[in-house]
Amino acid sequence: MKRKLTVLAAALLAAAASVLFFTGPAYAATGLHIVGRNIVEANGQTFVMRGVNHPHAWYASRTGSFADIKAAGANTVRVVLSGGRWTTNTAADVSNVITLCKQNKLICVLENHDTTGYGEDSAAYTLDQAANYWIGLKSVLVGQEDYVVINIGNEPIGNTNPGQWTAATTAAIQKMRSNGFEHLLMVDAPNWGQDWTYVMRDNAQTILDADTRKNTVLSIHMYAVFNQASAITSYLDTFERNGWPLVIGEFGWQFASGEVDDTTILSEAVKRNLGYLAWSWSGNTDPILDMTTNFDAGQLTTWGQRIVNGPNGLKATAKQATIFGTGPTTPTPTPTTPTPTPTPTQTTPPPPTGACTATYAVTGQWGGGFQADVKVTAGSSAIKGWTVTWTYSNGQTVSQAWNATVTSSGSAVTARNVSYNGALAAGASTQFGFLGSWTGSNTAPAVTCAAA
């Protein structure tokens, strides 16, 4: 899994030498591509990655995670693959991963994890071997340039001779291009991705110039080296000042003193319009880095809450790629035709409107805040809509909701269906969720459901 450095870089980041700004490609763009320091879609629309890493190589059966990651608000998923260091992900498997990404309207960053720590870890593969893996998958990758980014090799050089990274990365990019790949390429920094010896920073322009298609984005991984705001902002300043395209391809969180300053990473990424991909959805040998407990999207950890529901998290900042159309984040209510009032001569009463029940559950709680889900179930008859009400007795308030329109009047809360989840067949269910605040206690209230 992840190797976290325990020694911080001793020197402050130095100012980069004066270089030419990297400009957009002078050819007809194919799919996702670089313009200046931005990733843009084929239609010219800027796309900012907001997502998480998913360890597919070790948990290939966890295909439901793609839908869960989308539901968490992500627009991108970085997928761990192996070409032989672990169980090989075959062309058929990778094709299925791409299909899952597209079905769930996620941009798919495919990364080869075999290269992790080369030069320091004897089991690691070279970047040249990683390029060969992608060449072997070419049949399922070509034509997917609108949806797929190829991250050539994860953290491809350890701390032993990190200077070899520049030549190895240059050669891998050129090998990909000479074999006909048009995709947006992503390259990770050395030093287990953290670049604390600044090899990537100081050779960024060389790497970008090596790509004949001018379609490469650099990726920094931020763990314990980046435990102070000054280290984060200084590093990002250099790339911004020089107009170099960059994403934060992995990062963790400050679960203890001396760990990564995730709050600054998130705020700076949003301020600078930089993409970020947090590590990771679940399955770590060190569960501190899991965002969910045992891949259960209903059990977000503290880290998961920060990424999914935090002020600079996925639900607050992610925008779906336009290749998938406009997202369903704010559905337009469908007008309904009112039922005519029966005339006095009508002798048969109208059919019953049905009934519904609702259950309320707190799914996550932290200091001063919580997340809750409400499940609405139709009774023995189909319903056309529903309204759920409850009254808080401990001063709780609702701050943000999804899959329902929620309003409050003092302690009384009313939640109404939105256009796409009001009609339920007999016995069918739907769910909505929300974030709230609490003080003192957070007792679950009694809820009532009225059907239409």
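This text walks through a predicted model of one protein chain, from its overall make-up to its cavities, one buried strand and a few single residues.

The secondary structure of the chain comes to ten helices and 20 strands. The chain has 452 residues, and 50% of them count as buried. Contacts between residues at least 6 apart in sequence mostly span long stretches of chain: 75% of them join residues at least 24 apart.

A good place to start inside the structure is its enclosed space. Searching the whole structure turns up two cavities of 30 Å³ or more. The largest cavity holds about 90 Å³ of space. It is lined by 14 residues, of which Arg-37, Asn-38, Ile-39, Asn-273 and Gly-275 are the closest to its centre. Two elements, β2 (38–40) and β9 (246–251), each give two or more residues to this lining. Sorted by class, the lining of the largest cavity consists of nine nonpolar residues, four polar ones and one charged one.

The second largest cavity has a volume of about 50 Å³. Its lining is made up of Leu-127, Ile-152, Gly-153, Pro-156, Trp-165, Thr-169, Ala-172, Val-187 and Asp-188. Here the elements that give two or more residues are helix α5 (165–178) and strand β7 (184–188). The largest share, three residues, comes from α5. By class, six residues of this lining are nonpolar, two are polar and one is charged.

Strand β7 deserves a closer look. Which residues cover its two faces? Leu-184, Met-186 and Asp-188 lie on one side, Leu-185 and Val-187 on the other, and all of them are buried. This arrangement follows a general pattern: in a regular strand, side chains alternate between the two faces of the sheet. Because five of the five residues of β7 are buried, the strand is largely enclosed by the rest of the structure. Two of the residues just named, Val-187 and Asp-188, also belong to the lining of the second largest cavity.

Strand β7 is paired with β6 (residues 148–151): three bridges join the two strands, which run parallel. Within this pairing, Val-149 stands opposite Leu-184 of β7.

The loops on either side of β7 each hold a residue of interest. His-183 sits in the loop between α5 and β7. Is His-183 buried or exposed? Its relative accessibility is 0%, so His-183 counts as buried; a residue is called buried when the value is under 20%. Leaving out residues up to four places away in sequence, His-183 touches Leu-141, Val-142, Gln-144, Glu-145, Val-148, Ile-150, Arg-177 and Asn-215. Of these contacts, Val-148 and Ile-150 fall within the range of strand β6, residues 148–151, and Arg-177 falls within helix α5, residues 165–178.

On the other side, Asn-191 lies in the loop between β7 and α6 (199–210). Its phi is near 60 degrees, a positive value in a residue other than glycine. With 0% relative accessibility, Asn-191 counts as buried.

Positive phi is also found at Lys-105, where the angle is near 55 degrees and the residue is again not glycine. Lys-105 is placed in the loop between α2 (91–103) and β5 (107–112). At 31% relative accessibility, Lys-105 counts as partly exposed, whereas Asn-191 counts as buried.

Another backbone feature concerns a peptide bond. The bond from Trp-279 to Ser-280 is cis, and its omega is near -15 degrees. Ser-280 belongs to the loop between β10 (275–278) and β11 (292–293). Gly-275, among the residues closest to the centre of the largest cavity, is part of the range given for β10.

The last stop is Thr-443, in the loop between β19 (429–437) and β20 (447–451). Thr-443 has 46% relative accessibility and therefore counts as partly exposed. Which residues does Thr-443 contact, beyond its neighbours within four places in sequence? They are Asn-394 and Gln-396. Thr-443 and Gln-396 are 47 residues apart along the chain, and their C-alpha atoms are separated by 9.0 Å. With Asn-394, the link is a polar contact between the two side chains, at 3.3 Å.

How values were computed:
Residues are numbered from 1 along each chain as its sequence is written. This is a predicted model: local features need pLDDT of at least 70, side-chain atom pairs count only at pLDDT 80 or more; totals for chains, interfaces and linings use all residues. Side-chain values use heavy atoms; hydrogens and water are left out. On a 1 Å grid over the protein atoms alone, a cavity is a set of points where a 1.4 Å probe fits but cannot get out, and a pocket is an open set with protein on both sides within 12 Å along at least five of seven lines; lining residues have an atom within 4 Å of a point. Grid points are joined across faces, edges and corners, and a volume is the space filled by probe spheres set on the points. Helices (H or I, at least four residues) and strands (E, at least two) are DSSP runs, numbered from the N terminus. Ala, Val, Leu, Ile, Met, Phe, Trp, Tyr, Cys and Pro count as nonpolar, Asp, Glu, Lys and Arg as charged, and the others, Gly among them, as polar. Buried means under 20% relative accessible area, exposed over 50%, partly exposed in between (1.4 Å probe, protein chains only). Contact means heavy atoms within 4.5 Å. A polar contact is a pair of N or O atoms within 3.5 Å; within protein, one must be able to donate a hydrogen and the other to accept it, and residues adjacent in sequence count only if both atoms are side-chain atoms. Two strands pair if DSSP finds at least two bridges between them.
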